[in-house]
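Please open the model in a viewer and keep the sequence panel beside it. The tour proceeds by selection, and each stop states what is to be found there.

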Amino acid sequence: MPETIEQGPRAGSHWPAEDETYADPTSGARVRRLTSYPEVGDYHLYFTEDGWYDGGRRLLFRSDRDGSRQLYSIDLTSGLITQVTDIEGFRGGTAIDHDAERVYFWVGDRLVSLDLGTLRVEDVHYEVPDGWNGGSLDVNADGSRLYVAIGEDVEVPERDDKLSGTFEAAPNTRILSVPTDGGEPERLREVDVWASSHVNASPTRPELFTYCEEGPWDAVENRIWTVDAETGDTWKVREVPEEGGVGHEYWMQDGERVGYHGSLKDPQGRERVDDPDPFIGSSRYDDTDRRETALPDELYALTHTHANSPEMLVCDGTFEEVPHSLLYRWDEDAGEYEGPRILATHDWDHRGPHPHSRFSPDGSHVLFDSARYDGSSNLYLAEVPEFEELPEYESD
């Protein structure tokens, strides 16, 4: 790969608006389908990443519409779609520095940054050494460093369950601090487990990030770990019984709380149990001040959850059984959560994308992916009405 990475001719090209607004068939909430390009996949960034930028006027997303996976943006006022990247070897792992209007991602084995205003590739910040694979990354709160996971290249045992196979291979994982203005990477953490898939930086505390031990949730020692990059202190977050599991962790907007969901029994549904005891909630990064509520038993497998603050939570539901995004609201007087209530219908099934429901930065909308329009993934924004206006979800 050359020292500099150039954009191809399609960077900056436009697609006309593809959006349509409708009333959700279950809740009546106002929903805007943002994309409808035929027979390709459009996906918002992973739910842990805030894809809104340009003062909230634009939303970054991923699409296959040009024949390869690239980054695009939507003008949320006009609906106009712009191709952001046209780069051979684009591999994703996207992280946005919202103050600098800069996005970081992998191109092959190189970690690069791109200016979201000019669409020019600015720098190559890091190159993965031979025998290693670039994994998850995030930019810290002040934009001074990238937290980057790399995993040892190991042979994964052949088996039906890739998650278990990679877990059993136990690749050595290193988590690095890479200065964004140049300089040598610093090794912050090294573990002999698969831990290169979910690195998330606190949005307000430059020194804090989380990573996870990946694998079947009931098999890992502890899924969620917080690290202070300045002191080296490390905390376990939300330990559960050996037969349970917790995960799909993310930071809330205050940069102090970590959200998650889990189950106290068989969390990923390999052997369906009658009483899985699923829950949703958050704690401070040091595993204090937990605020949680039980989920209906049918929501314990594969769902994702998100919140800007502990006052309002959104949950994906599950495929086929609960094809809705659900809301919970904190009742301060009662000291517990109300809900769930149905916000939006995504008709999630085994063939469709995970909705990965997440709130907009101001909490006025929930963004999710769905194949309900034409069988291919599209982006949807559901307005969040008053909680009392939404229908209650009735558990079986």
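A residue is called buried when its relative accessible area is under 20%. The model is a predicted one, and residues are numbered from 1 along the chain.

**Stop 1: strand β9 and its hairpin**

Select β9, residues 90-97. Is this strand enclosed or open? Six of its eight residues are buried, so β9 is largely enclosed by the rest of the structure. Next add β10, residues 102-107. The two strands pair in the antiparallel sense, over five bridges. To see one of these pairings, display A95, whose bridge partner in β10 is Y104. Four residues separate β9 from β10 in this hairpin, and E101 in the turn has a positive phi of about 55°.

**Stop 2: the largest nonpolar core**

Keep β9 and β10 visible and add β11, residues 110-115. Each of these strands supplies at least two residues of the largest nonpolar core, which has 17 residues in total. β10 provides the largest share, three residues. Show the side chains of L60, L71, V84, V103, F105, L114 and L116, the residues with the most contacts inside this core. Then centre the view on L116. Leaving aside neighbours within four places in sequence, L116 is in contact with Y53, L60, V84, I96, E101, R102 and V103.

A second core, separate from this one, has 16 residues. To locate the second core, select L313, C315, Y337 and Y393, which are among its members.

**Stop 3: aromatic rings**

The structure holds 12 aromatic pairs. Begin with Y46 and F47: the ring centres are 4.8 Å apart and the planes meet at 70°, so this pair is edge-to-face. Y46 is partly exposed, at a relative accessible area of 28%, whereas F47 is buried, at 0%.

Now add Y250. F47 and Y250 also form an edge-to-face pair, with 6.0 Å from centre to centre and 70° between the planes. Why does this pair tie together separate parts of the chain? F47 lies in the loop between β4 (42-44) and β5 (52-53), and Y250 belongs to strand β21 (residues 245-251), so the parts that are joined lie 203 residues apart in sequence. Y250 is buried, with a relative accessibility of 2%.

For a further group of rings, select W15, F61 and Y72, which ring pairs link into a cluster. R65 lies over the face of Y72, at 5.8 Å from the ring centre.

**Stop 4: the sheet that begins with β21**

Y250 leads to the next selection, since β21 is the strand that holds Y250. An open sheet of four strands runs in the order β21-β22-β23-β24, with antiparallel pairing. β21 and β24 (291-294) are the edge strands; each has a single partner strand, so one side of each is left without a neighbour in the sheet. From one strand to the next, the twist averages 15°. Look in particular at β21 and β22 (residues 257-263), which are joined by five bridges. In this pairing, G245 has S263 as its bridge partner in β22.

**Stop 5: helix α1 and A170**

Select α1, residues 162-169, where S164, G165 and T166 are buried. Just after this helix, A170 takes a positive phi of about 50°. A170 is found in the loop between α1 and β15 (173-179), and A170 is partly exposed, with a relative accessible area of 32%. Which residues does A170 touch, not counting those up to four places away in sequence? They are D192 and W194. A170 and D192 are 22 residues apart in sequence, and their C-alpha atoms are 6.1 Å apart in space.

**Stop 6: strand β19 and its partners**

Finally, select β19, residues 224-228, in which five of the five residues are buried. I224, T226 and D228 point one way from the strand, and W225 and V227 point the other way. R189 lies over the face of W225, at 5.8 Å from the ring centre.

Add β18 (residues 208-212), which is joined to β19 by five bridges and runs antiparallel to it; C212 has I224 as its bridge partner. Then add β20 (residues 234-237), which pairs with β19 in the antiparallel sense over four bridges. Here V227 stands opposite T234. The hairpin of β19 and β20 has five residues between the strands, and G232 takes a positive phi near 85°.

How values were computed
Predicted model: local features only at pLDDT ≥ 70, side-chain atom pairs only at ≥ 80, totals over all residues. Heavy atoms only, no water. Phe/Tyr/Trp six-rings, centres within 6.5 Å; stacked < 30°, edge-to-face > 60°. Buried < 20%, exposed > 50% of the residue type's maximum accessible area, 1.4 Å probe, protein only. Lys NZ or Arg CZ within 6 Å of the ring centre and 35° of its normal. Core = buried A, V, L, I, M, F, W, Y, C linked by side-chain atoms within 4.5 Å. Contact = heavy atoms within 4.5 Å. Pairing = 2+ DSSP bridges. Axes fitted to C-alpha atoms, helices over the stretch in contact; angles between N-to-C directions.
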